[in-house]
Amino acid sequence: MPRDICQKCQYPVKTCLCSYLQPVKHKTRIIILQHPSEVKNAKNTVRLLTLLSDNIATYIGESETDFLEIKQLVTANPEHYAVIFPSEKSRPINSDPKVISEVKNIILIDGTWNKAKKIMYQNPWLSPLMHLTFAISTETEYKIRKSNFKGGMSTLESAAYSLVELDQIDPSSIFVALNGLNTQFTAQMPAQVAKRYKKLN
């Protein structure tokens with residue numbers, strides 16, 4: 001029997017997030033390169049991010065062929081794009097305001113750590129771009145999925161911290177939505193399972 005779906009947020013009625021959603025305005029465009037395995041994952045934060053932002057585009061795939069459309073846009077004006085990714089060439093996002101001021105688009109890779117690395121490897125057009133990381137050290141607020149990467153955070157959190165630096169936004173509404181996702185999904189878990197997730201995070 002199909003589940004009842006909220007017509008506004010498109011989550012199941014039991015986990016409706018409408019009461020947690022307050023759209024965020026920002027100038028910097030968010031571009032998501034999403035691994036196909038994440039598309040149907042109900043706990044994926046990109047789905048939530050698209051409900052908060054009207055300046056976002058998602059491209060699904062793994063290989064260079066999958067991302068030809070966005071690759072053409074990026075290679076035409078590479079100075080306007082930055083990849084949020086902890087590579088060997090990464091610099092803290094707040095390290096050089098003059099350079100960062102040229103960035104009009106941020107690229108985020110959505111997938112597990114291993115799948116994100118695979119997307120980077122299979123898309124060499126991402127390598128010449130500026131790579132940025134966060135100088136802050138913070139615990140993830142994403143409590144309903146485990147990460148195998150120490151210090152890892154959700155795609156939604158990476159977008160939020162990026163926009164704080166680039167657009168000086170107030171990220172509170174983004175984290176209210178993330179907390180809502182945690183709350184609604186944890187409420188549907190058996191008590192022992194929910195308790196285990198809380199301990200791991």
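Student: In this predicted model, does Gln 168 count as buried or exposed?

Tutor: Gln 168 is found in the loop between helix 5 (155-167) and helix 6 (172-187), and its phi is near 55°, a positive value in a residue other than glycine. Most residues other than glycine have a negative phi. Since the cut-off for the upper class is over 50% relative accessible area, and Gln 168 reaches 60% relative accessibility, Gln 168 counts as exposed.

Student: Where does Gln 10 lie, and what is its relative accessible area?

Tutor: Gln 10 also has a positive phi, near 70°, in a residue other than glycine. Gln 10 lies in the segment before strand 1 (29-34). Gln 10 is partly exposed, and its relative accessible area is 40%.

Student: In what order do the six strands of the open sheet stand?

Tutor: Strands of a sheet pair through backbone hydrogen bonds, either parallel or antiparallel. Here the pairing is parallel, and the six strands form an open sheet in the order 2-1-5-3-6-4.

Student: Which strands stand at the edges of this sheet?

Tutor: An edge strand has a single partner strand, so one side of it is left without a neighbour in the sheet. With the order 2-1-5-3-6-4, the strands at the edges are strand 2 (56-60) and strand 4 (91-92).

Student: Over how many bridges do strand 1 and strand 5 pair?

Tutor: Strand 5 covers residues 105-110 and pairs with strand 1 in the parallel sense. Within this part of the sheet, Ile 31 stands opposite Ile 107 in strand 5. The number of bridges over which strand 1 and strand 5 pair is six.

Student: Which residue in strand 6 does Pro 92 stand opposite?

Tutor: Strand 6 pairs with strand 4 in the parallel sense over two bridges, while three bridges join strand 3 to strand 6, again in parallel. From strand 3, Val 83 stands opposite His 131 in strand 6. Pro 92, for its part, stands opposite a residue of strand 6, namely Thr 133.

Student: Which residues of strand 6 point the other way from Met 130 and Leu 132?

Tutor: In a regular strand the side chains alternate between the two faces of the sheet. In strand 6, Met 130 and Leu 132 point one way, and all four of the residues concerned are buried. Those that point the other way are His 131 and Thr 133.

Student: At about what angle does helix 4 run to strand 5?

Tutor: Helix 4 (residues 113-122) lies across strand 1, strand 3 (81-84), strand 5 and strand 6 (130-133). The buried residues of helix 4 pack against these strands, namely strand 1, strand 3, strand 5 and strand 6. The angle at which helix 4 runs to strand 5 is about 125°.

Student: Why are Ala 116, Ile 119 and Met 120 on the same side of helix 4?

Tutor: Ala 116, Ile 119 and Met 120 are buried in helix 4. They are on the same side of helix 4 because, around the axis, they cover an arc of only 100°.

Student: With which side chain does the side chain of His 26 make a polar contact?

Tutor: His 26 is found in the segment before strand 1, and at 11% relative accessibility it counts as buried. Leaving aside neighbours within four places in sequence, His 26 is in contact with residues including Leu 163, Asp 167 and Ile 169. Its side chain makes a polar contact, at 2.6 Å, with the side chain of Ser 53.

Student: How many residues apart are Lys 25 and Asp 54?

Tutor: The side chains of Lys 25 and Asp 54 meet in a salt bridge (3.0 Å, N to O). This pair links distant parts of the chain, with Lys 25 in the segment before strand 1 and Asp 54 in the loop between helix 1 (45-52) and strand 2, and their separation is 29 residues.

Student: How many salt bridges does the structure hold?

Tutor: Side chains of opposite charge can pair when their charged atoms come close. Besides Lys 25 with Asp 54, Glu 62 forms a salt bridge with Lys 118, the closest N and O atoms being 3.5 Å apart. The side chains of Glu 64 and Lys 71 also meet in a salt bridge (2.3 Å, N to O). The number of salt bridges that the structure holds is three.

Key
Residues numbered from 1 in each chain as written. Predicted model: local features only at pLDDT ≥ 70, side-chain atom pairs only at ≥ 80, totals over all residues. Heavy atoms only, no water. Buried < 20%, exposed > 50% of the residue type's maximum accessible area, 1.4 Å probe, protein only. Pairing = 2+ DSSP bridges. Contact = heavy atoms within 4.5 Å. Axes fitted to C-alpha atoms, helices over the stretch in contact; angles between N-to-C directions. Polar contact = N/O pair within 3.5 Å; in protein donor to acceptor, adjacent residues only side chain to side chain. Arc of directions from axis to C-beta. Salt bridge = Lys/Arg side-chain N within 4 Å of Asp/Glu carboxyl O.
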